[in-house]
Amino acid sequence: MNQTPGPNTGTNLSYSKQPPLPIVVLISGNGSNLQAIIDAVDSKNLSVDIRAVISNKKDAYGLERAKKAGIPAETIPHADFDNREAFDKALIKKIDQYQPGLVVLAGFMRILTEDFVNHYQGRMMNIHPSLLPKFQGLNTHARALEENEKVHGASVHFVTNDLDSGPLIIQAQVPVHADDDEKSLATRVHEQEHKIYPLAIQWFAEERLSMKEQNAMLDGHKLQEPYILQDNKKSRTCN
Ligand code: GRF
């Protein structure tokens with residue numbers, strides 16, 4: 001039976017027969033999305049086993065978050081390698097030691113080689129701070145403000161060889177307020193990222209979500225458009 005996808009799905013894990021999905025999370029910085037994933041596991045809203053967190057930067061705060069949660073935290077500094085290919089090869093070797101069913105990019109600030117992407121085709125996700133296909137690349141919040149967007153947000157997608165263009169899974173929309181600056185807008189988007197990423201990962205863990213022939217499939221159907229999580233928090237605080 002097909003279930004309608006929704007933000008309340010995947011909260012009933014006590015009835016799940018599947019073992020937790022092994023995942024590896026790649027980060028480069030703060031790791032607030034990593035924290036959201038850790039918290040979702042702790043609160044039994046997400047059935048994954050976070051086997052390791054790997055950073056390309058040794059001072060990434062996300063590594064502390066991982067250690068605090070008792071998750072192996074590893075650093076492979078990209079600067080130690082002669083080129084992108086050598087780094088990605090070492091990264092594949094390290095990731096595969098943990099045998100993940102899914103590789104989760106959570107603020108991993110690297111352009112990936114084709115070999116790397118092909119190796120994890122269909123089992124690697126990314127979160128991007130815009131409503132893709134709008135604002136691929138960097139500085140998404142500043143660009144949304146510059147272009148007077150009324151609605152902004154975040155997207156979770158499967159990773160393919162086209163940068164920030166893989167099959168979309170879920171998006172969260174947030175309003176852009178007249179008095180927003182980059183920071184206030186980023187904060188609003190981040191709050192939503194922390195909801196949609198654990199949800200998409202849970203769908204994958206439940207085998208409701210997969211990638212087939214460059215399409216995201218949910219409950220056996222091709223997602224023609226990403227699932228949209230609306231920001232239903234209407235009230236505003238003045239700051
Ligand atoms: C997020 O905005 C995410 O969308 C982007 O990088 C940022 C990572 O933030 N890919 P954090 O490290 O998870 O706090």
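This is a short talk about one protein model and the ligand it holds.

Hi everyone! Please keep in mind that the model is predicted. How far does the predictor trust it? The average pLDDT for the protein is 91, and 89% of the residues score at least 70. Two stretches deserve some care. Residues 6-11 have a pLDDT below 50, although the model gives this stretch 10 contacts beyond near neighbours in sequence. Residues 234-239 also stay under 50, and there the model has 0 contacts beyond four places in sequence. Where pLDDT is low, we should not read the predicted coordinates in detail.

Now let's go to the ligand. Which residues are closest to the ligand? They are Asn-30, Ser-32, Asn-33, Gly-107 and Pro-129, out of 14 that surround it. Helix H1, residues 32-42, and strand E5, residues 124-128, each supply at least two residues of this shell. By type, the shell has 8 polar residues, 5 nonpolar and 1 charged.

Next, the inside. The largest nonpolar core has 64 residues. Helix H6, residues 182-205, gives the largest share of this core, with 10 residues. Val-25, Ile-37, Met-125, Ala-200 and Ile-201 touch the most other core members. Take Val-25: among the residues it touches are Leu-34, Ile-37, Ile-50 and Val-104. In soluble globular proteins, nonpolar side chains tend to be buried together.

Last stop: Gly-220, in the loop between strands E9 and E10. Is Gly-220 buried or exposed? Gly-220 counts as exposed because it has 8 C-beta neighbours inside 10 Å, and the cut-off for exposed is 12 or fewer. Its C-alpha atom is 8.8 Å from that of Ser-210, 10 residues away along the chain. Thanks for listening!

Key: Residues numbered from 1 in each chain as written. Predicted model: local features only at pLDDT ≥ 70, side-chain atom pairs only at ≥ 80, totals over all residues. Near = placed C-beta within 6 Å. Helix = DSSP H or I, 4+ residues; strand = E, 2+ residues; numbered from the N terminus. Nonpolar A, V, L, I, M, F, W, Y, C, P; charged D, E, K, R; others polar. pLDDT = per-residue confidence, 0-100. Contact = placed C-beta atoms within 7 Å. Core = buried A, V, L, I, M, F, W, Y, C linked by C-beta atoms within 7 Å. Buried ≥ 20, exposed ≤ 12 C-beta atoms within 10 Å, placed from the backbone.
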